[in-house]
Amino acid sequence: MPTCQNCGKKWTWKQTVKTLFRLKKCCPYCGKKQYESASSRRRTSAFLLIPLVLLPINAWFEFSVGMVLLLAIPLYIILLGLYPFILKLSNEMEPYW
Ligand SMILES: [Zn+2]
């Protein structure tokens, strides 16, 4: 779970998921704006690429679009559920590389 870099409090899974749907990630305890750290961001982008492995599988089995959506939606829900476990916070906006 992510820990606020300002007050050191751990965010709960629910609080983390809630901040995902907001443009600004603010700590629910101290209200300080938090950023996703560069290393965490790299992991997140790797995470988001996982569903792309479905594409060649899809071509192989010749699934319909509806079937792909049926597979992709639960996969994204699982990824969203796992996101708070990989998220690391930073007080400042870190450069990508
Ligand atoms: Zn805080």
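Begin by selecting K25 and Q34: K25 stands opposite Q34, a residue of strand β2. The model on the screen is a predicted one, and this tour moves outward from that pair of residues.

**First stop: K25 and its surroundings**

K25 itself belongs to strand β1. Is K25 buried, exposed or partly exposed? K25 has 19 C-beta neighbours inside 10 Å, and because a residue needs 20 or more to be buried, K25 counts as partly exposed. Next, display the contacts of K25. Apart from neighbours within four places in sequence, K25 is in contact with T19, K33, Q34 and Y35. For a distance to try in the viewer, choose the C-alpha atoms of K25 and G8: these two residues lie 17 residues apart along the chain, and their C-alpha atoms are separated by 15 Å.

**Second stop: the sheet**

Now select residues 25–26 and residues 33–36. The second range is strand β2, which runs antiparallel to β1 and is joined to β1 by 2 bridges. Between these two strands the hairpin has 6 residues, and one of the residues to click there is G31, which takes a positive phi near 80°.

Add residues 89–90, which form β3. Strands β2 and β3 also pair in the antiparallel sense, again over 2 bridges. Across this pairing, Y35 stands opposite S90 in β3. With the three strands highlighted together, what is the order of the sheet? The order is β1-β2-β3, in an open sheet with antiparallel pairing. Strands β1 and β3 are its edge strands, each pairing on one side only. A general point may help when inspecting any strand: in a regular strand the side chains alternate between the two faces of the sheet.

**Third stop: the nonpolar core**

Select C4, W11, C27, L87 and L89. These 5 residues make up the largest nonpolar core. A broader tendency is worth recalling here: in soluble globular proteins, nonpolar side chains tend to be buried together.

Keep L87 selected and show its contacts. Leaving aside neighbours within four places in sequence, L87 is in contact with P2, T16, E36 and S40.

Then move to C7, in the segment before helix α1 (13–20). Why does C7 count as exposed? The reason is that C7 has 11 C-beta neighbours inside 10 Å, and a residue with 12 or fewer is exposed. Not counting residues up to four places away in sequence, C7 touches C27, Y29 and C30. One of these, C27, is a member of the core just visited. From C7, draw a line to L89: the two are 82 residues apart in sequence and 12 Å apart in space, C-alpha to C-alpha.

**Fourth stop: the helices α3 and α4**

Select residues 54–61, which are helix α3; here the confidence is lowest, at a mean of 74, whereas β3 has the highest, at 95. Helix α3 is hardly covered, and the count of buried residues among its 8 residues is 0. Just after α3, click E62, which takes a positive phi of about 55°.

Continue to residues 65–86, helix α4. This helix has 22 residues and reaches 30 Å from its first C-alpha to its last, close to the 32 Å expected at 1.5 Å a residue. How many residues of α4 are buried? The count is 0 among its 22 residues, and α4 is hardly covered. When turning a helix in the viewer, remember that an α-helix has 3.6 residues a turn, so residues three or four places apart point the same way.

Within α4, select Y76. Y76 counts as partly exposed, because it has 13 C-beta neighbours inside 10 Å. The C-alpha atoms of Y76 and F47 are separated by 9.8 Å, although these residues are 29 residues apart along the chain.

**Last stop: the whole protein**

Clear the selection and view the entire chain. The protein has 4 helices and 3 strands, and from the N terminus on its elements run α-β-β-α-α-α-β. Along its principal axes, the C-alpha trace spans about 50 × 30 × 20 Å. The radius of gyration is 16 Å, whereas a compact globule of 97 residues would have one near 13 Å. Of the 97 residues, 8% count as buried. Among contacts with a separation of 6 or more, 62% are between residues 24 or more positions apart.

Finally, colour the model by confidence: the mean pLDDT of the protein is 87, and 98% of its residues reach 70 or more.

How values were computed: Residues numbered from 1 in each chain as written. Pairing = 2+ DSSP bridges. Expected span 1.5 Å × (residues − 1). Rg over C-alpha atoms; globule rule 2.2 N^0.38 Å. Contact = placed C-beta atoms within 7 Å. Core = buried A, V, L, I, M, F, W, Y, C linked by C-beta atoms within 7 Å. pLDDT = per-residue confidence, 0-100.
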